[in-house]
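Please find below some notes on the model, set out as numbered points. They go through a few helix contacts, one group of paired strands and several single residues.

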Amino acid sequence: MTLPRRKFLHLAAGVVALPAVPRIARAQTYPSKPVRLIVPFAPGGSNDLIARLIGHWLSERLGQPFIIESRPGAGTNIGTEAVVRAPADGYTLLIVAPPSAINATLYEKLNFNFIRDIAPVAGVIRTPFVMEVTPSVPAKTVPDFIAYAKTQPGKISMGSAGIGSGPHLAGELFKMMAGVNVVHVPYRGSGPALTDLIGGQIQVYFDGVPTSIEHIRAGKLRALAVTTAIRSEVLPDIPSLSDFLSGYEASFWVGLGAPRNTPVEIVGKLNREINAALDDSKMKARLAELGGTALAGSPADFGKLIADETDKWGKVVKFSGAKPE
């Protein structure tokens, strides 16, 4: 990273000393036309689902359509760069998720610096990944799986939603801490990986709870653990991976970003509306159904999460030797 962490956190706090009157006037009339919400992932996954939930809320609250636009490719970098290059006027926003932090280390050269070029707007949801296996795997617990994997080094396949995705790095952190040798098989998104896991072509996968929970409930997949430090309310009988690997923690999180230099008043308006959504009883219930908790807070709070995740996953990327496709 070329931008010091302290500098980023300062930027995320907002530039309060800039001339206020024209910016406030602009924020009062915002939005006066449709807003694009770029999802840098393939349609149908957890990020797309969260984008549609929050986009619908913002459309109703602010009186203009928030149009969901999928821009997958290059590990989210295509969609991210589209937002980086967009006018900083609040009419192009970005769904931000773990790859935004992971790619800072995974890619040796990018056409942007995420921490410098994307302004954090607000967090939306944080949810565990779930370590799950196809039912043909004999392991019923995490210790069972570790013992099983150690008897078959290099013969067990671990799927992911792509190189550098959250599921990939959650799996690499597990491999690092458990000392097991399983083969990473990257897919182009969560959907294809889940299909092959259910079909037994791969044996283990770390997926976001929202896209796997119905398969777990139906018995098509066996959940061994959730990856947050505490259990998930929607999977209360499933232990935390940290119960077996002390200090393990990984989570799937989603929020919104905007091009840098987007007026702080517009960022603030969006942040307030998103936090209002997260305080709404129906939205809380919907997020809980997805196995997540509301990630409420200021733009600076969301910026700190991104900075912390960038530091954390940078270490795992270096340890694993992961390289982009």
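**Notes on helix packing, strand pairing and buried sites**

1. Leu49, Leu53 and Trp57 in α3 meet Met283, Arg286 and Leu287 in α12, where contact means heavy atoms within 4.5 Å. The residues of this contact of α3 with α12 divide into 5 nonpolar, no polar and 1 charged; here Ala, Val, Leu, Ile, Met, Phe, Trp, Tyr, Cys and Pro count as nonpolar, Asp, Glu, Lys and Arg as charged, and the others, Gly among them, as polar. Helices (H or I, at least four residues) and strands (E, at least two) are DSSP runs, numbered from the N terminus.

2. Before going further, the basis of the description should be stated: this is a predicted model, in which local features need pLDDT of at least 70 and side-chain atom pairs count only at pLDDT 80 or more, while totals for chains, interfaces and linings use all residues. Residues are numbered from 1 along each chain as its sequence is written, and side-chain values use heavy atoms, with hydrogens and water left out.

3. As for the geometry of the first pair, α3 and helix α12 (residues 281-289) pack at an angle of about 175°, with their axes 12 Å apart; axes are lines fitted to C-alpha atoms, for helices over the stretch in contact, and angles run from 0 to 180 degrees between N-to-C directions. That makes α3 roughly antiparallel to α12, given that angles under 35 degrees count as roughly parallel, over 145 as roughly antiparallel, 65 to 115 as roughly perpendicular and the rest as oblique.

4. Ser46 belongs to the same helix, α3, which spans residues 46-62. With a relative accessible area of 8%, Ser46 is buried, a word that means under 20% relative accessible area, with exposed over 50% and partly exposed in between (1.4 Å probe, protein chains only). Not counting residues up to four places away in sequence, Ser46 touches Pro210, Thr211 and Phe252.

5. A second helix pair is formed by α9 (residues 190-199) and α10 (residues 209-217), whose axes come within 11 Å and cross at roughly 20°. The two helices, α9 and α10, are therefore roughly parallel to each other. In this arrangement α9 passes α10 in a right-handed crossing, the convention being that a crossing is left-handed if the near helix is turned anticlockwise from the far one by less than a right angle, and right-handed if clockwise. Ser190, Leu194 and Ile198 of α9 make the contact with Thr211, Ser212 and His215 of α10, and the residues of this contact divide into 2 nonpolar, 4 polar and no charged.

6. Which strands pair with β4 in the antiparallel sense? Strand β4 (residues 118-133) runs antiparallel to β8 and is joined to it by 4 bridges, while 9 bridges link β4 with strand β9 (residues 251-259), again in the antiparallel sense. Strand β7 (residues 204-208) is paired with β4 over 5 bridges, also antiparallel, and 2 bridges join β4 to the antiparallel strand β10 (residues 293-294). Two strands pair if DSSP finds at least two bridges between them.

7. Individual partners place these strands along β4. Ile125 has Val254 in β9 as its bridge partner, Arg126 has Thr293 in β10, and Met131 has Phe206 in β7. Towards β8, Glu132 stands opposite Ala223, and the bridge partner of Val133 is Arg222.

8. Is β4 largely enclosed or open? Because 15 of its 16 residues are buried, β4 is largely enclosed by the rest of the structure. Strand β8 (residues 222-226) is mostly covered as well, with 5 of its 5 residues buried.

9. Helix α4 (residues 77-84) is largely enclosed by the rest of the structure, because 6 of its 8 residues are buried, namely Asn77, Gly79, Thr80, Ala82, Val83 and Val84. The elements against which these buried residues pack are β1 (35-39), β3 (92-96), α5 (98-106), α6 (114-117), β4 and β9.

10. Two further buried residues deserve a look. Thr262 lies in the loop between β9 and α11 (264-278), is buried at a relative accessible area of 7% and, leaving aside its neighbours within four places in sequence, is in contact with Ala88, Asp89, Gly90 and Val267. His168, in helix α8 (residues 166-178), is buried with a relative accessible area of 2%; not counting residues up to four places away in sequence, His168 touches Met158, Ser160, Gly162, Ile163, His184 and Ala322.
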